[in-house]
Amino acid sequence: MIDLENVTVTFDEFTAVADIDLRIDEGEFVTVVGPSGCGKTTLLRTIGGLQEPTAGRVRIDGRSPAAAQAAADLGFVFQRHTLLPWKTALENVTFLRKLADQPANEGDARALLRSMGLEGFEDARPAELSGGMRQRVAIARALHLGADVLLMDEPFGELDEITRDELGVEIRDLWRRERKTVVFVTHSVPEAVFLADRCLVMRDRPGRLEAAFEIDLPDPRDASVFGSRAFQEQVAQVRETLHESYEADARASDD
Ligand SMILES: Nc1ncnc2c1ncn2[C@@H]1O[C@H](COP(=O)(O)OP(=O)(O)OP(=O)(O)O)[C@@H](O)[C@H]1O
Ligand SMILES: [Mg+2]
């Protein structure tokens with residue numbers, strides 16, 4: 001379980017996120033949306049121990065993020081894949097475990113690449129892969145690490161819409177099989193709704209949690225969900241909350 005108590009992060013005088021109280025259950029898929037600059041990345045980095053909170057406390061299964069990271073319990077996937085260009089897809093997947101002094105299992109890594117639709121590309125280097133394929137390798141790498149908690153910051157941000165939809169279906173499916181705890185930041189409201197058990201909406205200046213929506217959609221979720229009424233209604237609800245806070249902020253800055 002991820003537990004944030006009154007987490008505030010300030011940079012010099014600037015408060016990036018303020019007073020965040022949040023509990024995320026083991027095995028829960030939580031998505032985070034909000035305007036650019038509202039503190040989503042800061043929040044994710046703070047959960048992952050890449051950023052120290054100025055006040056408050058983060059616990060991951062009762063431990064500090066640093067301890068969870070040391071135990072290889074945290075996996076990161078960022079917007080821009082961070083694969084090593086000189087290593088093959090397979091080597092990129094096994095590399096983090098080796099770095100964490102854990103035995104890499106090549107058979108598992110190959111199976112993961114296969115399950116991500118990358119059979120036949122094990123020996124390709126990142127430059128030989130498409131953007132979507134690189135992100136798949138980055139996801140396979142985080143999974144191979146064996147981390148129970150996956151922190152994803154706009155992992156599909158640079159991909160075209162159809163690839164995004166497809167990867168969304170794959171990620172949700174993978175999550176159903178593996179039951180990781182996932183915190184997934186995105187700019188896309190439909191993606192946030194499709195993926196989530198719970199969708200958090202953040203608000204700007206200072207960054208804070210504005211609303212949380214329990215997402216009610218059937219599982220397993222395939223691409224047909226995108227056309228369903230339940231999906232569209234929940235997307236509209238999240239959008240409305242985002243627009244309301246945007247307009248309130250615009251009014252406040254006019255005064
Ligand atoms: N290391 C830092 N030093 C100073 N200010 C920072 C730092 N990191 C983030 N900020 C500021 O904190 C605020 C929140 O940034 P953050 O990157 O968390 O936003 P975000 O919601 O992820 O935005 P985007 O959607 O554009 O990725 C921004 O105003 C940013 O300028
Ligand atoms: Mg960001």
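Start by selecting residues 149–153 and 181–185: these are strand 6 and strand 7, and they pair in the parallel sense over five bridges. Strands here are DSSP runs of E with at least two residues, helices are runs of H or I with at least four, and both are numbered from the N terminus. Two strands count as paired if DSSP finds at least two bridges between them. For one bridge in close-up, pick Asp153 and its partner in strand 7, Val185.

Before going on, a word on what's on screen. This is a predicted model, where local features need pLDDT of at least 70 and side-chain atom pairs count only at pLDDT 80 or more, while totals for chains, interfaces and linings use all residues. Residues are numbered from 1 along each chain as its sequence is written, chains are lettered from A and ligands numbered from 1 in the order in which they are written, and side-chain values use heavy atoms, with hydrogens and water left out.

**The six-stranded sheet**

Now widen the selection to the whole sheet. It is open, has six strands in the order 5-6-7-3-8-9, and its pairing is mixed. Go to the edges next: strand 5 (74–77) and strand 9 (208–214) each have a single partner strand, so one side of each is left without a neighbour in the sheet. Neighbouring strands are turned by 20° against each other on average, direction ignored. Axes are lines fitted to C-alpha atoms (for helices, over the stretch in contact), and angles run from 0 to 180 degrees between N-to-C directions.

Add helix 5, residues 131–144, which lies across strand 5 and strand 6 and runs at about 175° to strand 5. Contact here means heavy atoms within 4.5 Å. Then add helix 1, residues 40–47: it lies across strand 3 (29–33), strand 6, strand 7 and strand 8 (198–203), at about 155° to strand 6.

**The three-stranded sheet**

Keep helix 1 on display, as it also lies across strand 1, strand 2 and strand 4, running at about 125° to strand 1. Those strands form an open sheet with the order 2-1-4 and antiparallel pairing. Strand 2 and strand 4 (55–60) are the edge strands, each pairing on one side only.

Zoom in on strand 1 (residues 2–11), which is joined to strand 2 by seven bridges and to strand 4 by five. Leu4 is a handy residue to click: its bridge partner in strand 2 is Leu22, and in strand 4 it is Val58. Then follow the hairpin of strand 1 and strand 2, with two residues between the strands, to Asp12, which takes a positive phi near 50°.

**Ligand 1**

Last stop: select ligand 1 and the 13 residues around it, of which Ser36, Gly37, Lys40, Thr41 and Thr42 come nearest. A residue is near if one of its heavy atoms lies within 4 Å.

Which atoms of Thr42 and Thr41 should you look for? A polar side-chain atom of Thr42 lies 2.5 Å from an oxygen atom of the ligand, and one of Thr41 lies 2.8 Å from an oxygen atom. At Cys38, look at the backbone instead: an N or O atom there is 3.2 Å from a ligand oxygen.

The elements giving two or more residues to this shell are strand 2 (14–24) and helix 1, with helix 1 supplying the largest share, three residues.

Conventions
Polar contact = N/O pair within 3.5 Å; in protein donor to acceptor, adjacent residues only side chain to side chain.
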